[in-house]
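This report describes the pockets of one protein model and then turns to one of its helices. The sequence and structure are shown first, and the description follows.

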Amino acid sequence: MKAIETKLKGCFILEPQVFEDDRGYFFESYNHEAFCNAIGREVVFVQDNFSFSKKGVLRGLHYQKGEHAQSKLVSVLEGKVQDVVVDIRKDSPTYGQHISIELSSDNKKQLFVPRGFAHGFLVLSETAHFFYKCDNYYNKEAEEGIRYDDATLGIDWNVGLNKPFLSKRDSSLYQFM
């Protein structure tokens, strides 16, 4: 596994070693020891989540606050998404900055999103199967979010003039600052 730290300290793009031949391919999607060595710290995941979404669906930007904050290891099992994380750690030199990366079943990349980040994704393919591991249990009272189109953040979601499909909750999220 190759780990590439992004400009947001603690946030890593992970690229597995893929073994391909005329039968197909194989890769190790998760190995606790290799993962922790790659990112330089211990993270224990306690919950796995899966979502299925159609083209144009935007989920996010979500996070859990306080003692219920979560680190996530995200990947796409089928399809393609634009994945975005925003640093919301007020004491961070990259506070308010974001990264955007394409995750797909073709590129097999994963993204490690540490606690203190908001996360969201936009489905670019006809459908997408999105999978993520969390290091803390979900708590409804601790859920928060930021509007995907917050002008301060200036995230280019590549949707052009089309509006993404949002949940009621995501449509009513607050601005960042």
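## Pockets and a helix

The largest pocket has a volume of about 470 Å³. Its lining is made up of 25 residues, of which Arg59, His62, Lys72, Tyr132 and Arg169 are the closest to the centre of the pocket. This is a predicted model, and the totals for linings use all residues.

Several elements contribute to the lining of the largest pocket: the strands β5 (47-54), β6 (58-64), β11 (117-123), β12 (127-134) and β13 (143-145), together with the helix α2 (168-171), each supply at least two residues. Among these contributors, β6 gives the most, with five residues. Sorted by class, the lining of the largest pocket holds 10 nonpolar, nine polar and six charged residues.

The second largest pocket encloses about 250 Å³ of space. It is lined by 17 residues, and those closest to its centre are Phe27, Ser29, Ser75, Leu77 and Gln110. Both β7 and β12 supply at least two residues of this lining, and the largest share, four residues, comes from β7.

The table sets out the classes of lining residues for the two pockets.

| Pocket | Nonpolar | Polar | Charged |
|---|---|---|---|
| Largest pocket | 10 residues | nine residues | six residues |
| Second largest pocket | eight residues | five residues | four residues |

Attention now moves to the helix α1. Which residues of α1 (residues 32-39) are buried? They are Phe35, Cys36 and Ile39. These three residues lie on the same side of α1, because they cover an arc of only 95° around the axis. Glu33 and Asn37, on the other side of α1, are exposed, a term that stands here for over 50% relative accessible area, whereas buried stands for under 20%.

The cover over the buried residues of α1 includes the strands β2 (12-15), β7 (72-78) and β10 (110-113). Of these, β7 is also the strand that gives the largest share of the lining of the second largest pocket.

Both ends of α1 can be described in the model. At the N-terminal end, Asn31 acts as a cap, with a side-chain oxygen that lies 3.1 Å from the backbone nitrogen of Glu33; Glu33 is itself one of the exposed residues of the helix. After the helix comes Gly40, a residue whose phi is positive, near 80°.

Terms used: Residues numbered from 1 in each chain as written. Predicted model: local features only at pLDDT ≥ 70, side-chain atom pairs only at ≥ 80, totals over all residues. Heavy atoms only, no water. Buried < 20%, exposed > 50% of the residue type's maximum accessible area, 1.4 Å probe, protein only. Arc of directions from axis to C-beta. Contact = heavy atoms within 4.5 Å. Polar contact = N/O pair within 3.5 Å; in protein donor to acceptor, adjacent residues only side chain to side chain. 1 Å grid on protein atoms, 1.4 Å probe; cavity = no way out; pocket = protein on both sides within 12 Å on 5 of 7 lines; lining within 4 Å. Points joined across faces, edges and corners; volume = space filled by probe spheres on them. Nonpolar A, V, L, I, M, F, W, Y, C, P; charged D, E, K, R; others polar.
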